[in-house]
Amino acid sequence: MRQFGLINLPVTILKENKRFVAYTPALDLSTSGRTYKEVKKRFEEVVQIFIEELIKNHTLDQVLRDLGWREVQKKWQPPVVVAHETESVKVAV
């Protein structure tokens with residue numbers, strides 16, 4: 001079994017009303033918390049649980065590939081975020 005150790009994930013943290021939301025497109029996971037510190041801690045926990053469940057269910061390789069990860073020298077690398085921008089989009093209503 002390949003080990004992850006420390007992985008760098010792109011994460012976006014938003015404030016929605018009184019809660020903070022952390023989201024990573026690399027795993028398509030999100031979580032929330034009452035404070036910035038809490039959401040960061042919960043984000044780390046949800047990533048740990050997600051990876052543990054994939055390993056337990058023998059689906060790690062397939063799920064990571066489906067999410068765009070690449071295996072390089074027996075280590076998994078997440079997709080690279082190229083841009084995080086705000087776009088103005090005209091919508092006919």
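Student: Where does asparagine 17 lie, going by the strands around it?

Tutor: Keep in mind that we're looking at a predicted model. One strand, β1, covers 12-16, and another, β2, covers 19-24. Asparagine 17 falls in the loop between β1 and β2.

Student: Is asparagine 17 buried or exposed?

Tutor: The cut-off to use is over 50% relative accessible area for exposed. Asparagine 17 comes in at 77% relative accessibility, so this residue counts as exposed.

Student: What is phi of asparagine 17 near?

Tutor: Here's some background: most residues other than glycine have a negative phi. Asparagine 17 isn't a glycine, yet the sign here is positive. Its phi is near 55°.

Student: How many residues sit between β1 and β2 in their hairpin?

Tutor: These two strands run antiparallel, joined by 5 bridges. As one example of the pairing, lysine 15 has phenylalanine 20 in β2 as its bridge partner. The turn of the hairpin holds asparagine 17, and the number of residues between the strands is 2.

Student: Which residue in the turn between β2 and β3 has a positive phi?

Tutor: β3 takes in residues 29-33 and pairs with β2 in the antiparallel sense over 5 bridges. Threonine 24 stands opposite leucine 29 of β3. The hairpin has 4 residues between its strands, and the one with a positive phi, about 50°, is aspartate 28.

Student: Where is the place of lysine 74?

Tutor: Lysine 74 is another non-glycine residue with a positive phi, about 65°. With a relative accessible area of 67%, lysine 74 is exposed. Look past β4 (70-72) and ahead of β5 (75-77): its place is in the loop between β4 and β5.

Student: Which element gives the most residues to the largest nonpolar core?

Tutor: That core has 15 residues, and the ones touching the most other members are Leu9, Leu27, Val47, Leu60, Leu64 and Trp69. The elements giving two or more residues are β2, α1 (36-56) and α2 (60-66). With 5 residues, the top contributor is α1.

Student: What is the area of the nonpolar surface patch made by Val89, Val91 and Val93?

Tutor: To place one of its members, valine 93 lies in the segment after β5. Together with Val89 and Val91, Val93 makes a nonpolar surface patch of about 400 Å².

Technical notes:
Residues numbered from 1 in each chain as written. Predicted model: local features only at pLDDT ≥ 70, side-chain atom pairs only at ≥ 80, totals over all residues. Heavy atoms only, no water. Buried < 20%, exposed > 50% of the residue type's maximum accessible area, 1.4 Å probe, protein only. Pairing = 2+ DSSP bridges. Core = buried A, V, L, I, M, F, W, Y, C linked by side-chain atoms within 4.5 Å. Patch = residues over 30% accessible without salt bridge, like charges linked within 9 Å, V, L, I, M, F, W, Y side chains within 5 Å. Areas by Shrake-Rupley, 256 points an atom, 1.4 Å probe, with all protein chains shown as cover. Salt bridge = Lys/Arg side-chain N within 4 Å of Asp/Glu carboxyl O.
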